[in-house]
Amino acid sequence: MKQIEVQEVTNLRSLSKGHVAYFFTDQEKYVSNVVDYVIAGLRQDECTIIVESDRMAPIIVLKLAQLLTAPELDQVRFLNNFEFYYAHGDFRINSIPDLLPTLFKGEFDPDMGYRTWAHIEWRDESEVSKLLHSEQQADFIVEQENLLSVCAYDSRLVSGDFRQRLLASHPIHLHDKD
């Protein structure tokens, strides 16, 4: 495994590229971070692809609708996280670059940048090894595509050992704002 230098951040606005691990505990802070991430992307002429749960997506959409114009909202796309990660029947990463044409239905400018935010959930502990393998694949895709990608995990669902293994595959670690 390659050596990675860990950068710890408290504000996503300062980032433009990289693979970020974010372990959250507070739903309000989580939503605030997603919104900040989208707004920072818009300021850099990047659209945002959000892979999110059915229970969190409406909360995020509502908050974004309060802050953004309709054209800005058009630069944000949501994918259901379980449909995305289980599209092939079992947990695995899908390549967002391969999905871009279908996500934006021909409206996506290939010269426009994009960033991703993924709320990662799994069905049971037996899928943890697949998830770790998928994170390694995601790290390669992020580096190859030169993009900014946040992988968000609910801290309550992640054991200490699993967390350490996830942190090892993400050069950037995000902490909730206090």
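Is Arg 156 buried or exposed? Arg 156 is exposed, at 66% relative accessible area. The legends below start from the whole chain and then move to single sites in this predicted model.

**Figure 1. Overview of the predicted chain, with its 7 helices and 7 strands.** Read from the N terminus, the elements follow the order β-β-α-β-α-α-β-α-α-β-α-β-α-β. The chain has 178 residues, and 51% of them are buried. Contacts reach across the sequence. Of those between residues at least 6 apart, 83% join residues at least 24 apart. The accessible surface is about 9300 Å². Carbon and sulfur atoms account for 50% of that surface.

**Figure 2. The salt bridge between Arg 55 and Glu 121.** The two side chains meet with an N to O distance of 2.4 Å. Arg 55 sits in the loop between strand S3 (46–52) and helix H2 (57–67), while Glu 121 sits in the loop between strand S5 (113–119) and helix H6 (128–145), so the pair ties together parts that are 66 residues apart in sequence. Glu 121 is buried, with 9% relative accessibility. This pair belongs to a wider set, as the salt bridge count comes to 5.

**Figure 3. The salt bridge between Asp 154 and Arg 156.** The closest N and O atoms of this pair are 2.5 Å apart. The two partners differ in exposure. Asp 154 is buried, at 10% relative accessible area. Arg 156 is exposed, at 66%.

**Figure 4. Helix H7, with a salt bridge between Asp 161 and Arg 165.** The N to O distance of this salt bridge is 3.8 Å. Asp 161 and Arg 165 are 4 residues apart in H7 (residues 160–168), so about one helical turn separates them. Asp 161 is exposed, with a relative accessible area of 52%. Arg 165 counts as partly exposed, at 43% relative accessibility. Elsewhere, shared partners link salt bridges into one network of Lys 17, Glu 46 and Arg 115. Back in H7, the buried residues are Phe 162, Leu 166 and Leu 167. These residues cover an arc of only 135° around the axis, so they lie on the same side of H7. Asp 161 and Gln 164 are exposed on the other side.

**Figure 5. Glu 52, a buried acidic residue without a salt bridge.** Glu 52 is part of strand S3. What is the nearest side chain of opposite charge? That side chain is Arg 55, 6.4 Å away. A salt bridge requires a side-chain nitrogen within 4 Å of a carboxyl oxygen, so a pair at 6.4 Å does not qualify. Glu 52 does have a polar partner. Its side chain makes a polar contact with the side chain of His 119, at 2.5 Å. Beyond its neighbours within four places in sequence, Glu 52 is in contact with several residues, including Tyr 30, Ala 57, Ile 60, Phe 78 and Trp 117. Asn 80 and Asn 81 are also among its contacts.

**Figure 6. The buried and exposed sides of helix H2.** Ala 57, Ile 60 and Leu 64 are the buried residues of H2. They span an arc of only 65° around the axis, which puts them on the same side of the helix. Their cover includes H1, S3, helix H3 (70–73) and strand S4 (76–80). On the other side of H2, Leu 62 and Gln 66 are exposed. Two of the buried residues, Ala 57 and Ile 60, are also in contact with Glu 52.

**Figure 7. Asp 45, a residue other than glycine with positive phi.** The phi of Asp 45 is near 55°. Most residues other than glycine have a negative phi. Asp 45 lies in the loop between helix H1 (27–43) and S3. Asp 45 is exposed, with a relative accessible area of 58%.

**Figure 8. Phe 84 in helix H4, shown with Ile 120.** Helix H4 covers residues 81–85. Phe 84 is buried, at 6% relative accessibility. Along the chain, Phe 84 and Ile 120 are 36 residues apart. In space, their C-alpha atoms are separated by 10.0 Å.

Key
Residues numbered from 1 in each chain as written. Predicted model: local features only at pLDDT ≥ 70, side-chain atom pairs only at ≥ 80, totals over all residues. Heavy atoms only, no water. Helix = DSSP H or I, 4+ residues; strand = E, 2+ residues; numbered from the N terminus. Buried < 20%, exposed > 50% of the residue type's maximum accessible area, 1.4 Å probe, protein only. Lys, Arg positive; Asp, Glu negative; His and termini not counted. Polar contact = N/O pair within 3.5 Å; in protein donor to acceptor, adjacent residues only side chain to side chain. Contact = heavy atoms within 4.5 Å. Arc of directions from axis to C-beta. Areas by Shrake-Rupley, 256 points an atom, 1.4 Å probe, with all protein chains shown as cover.
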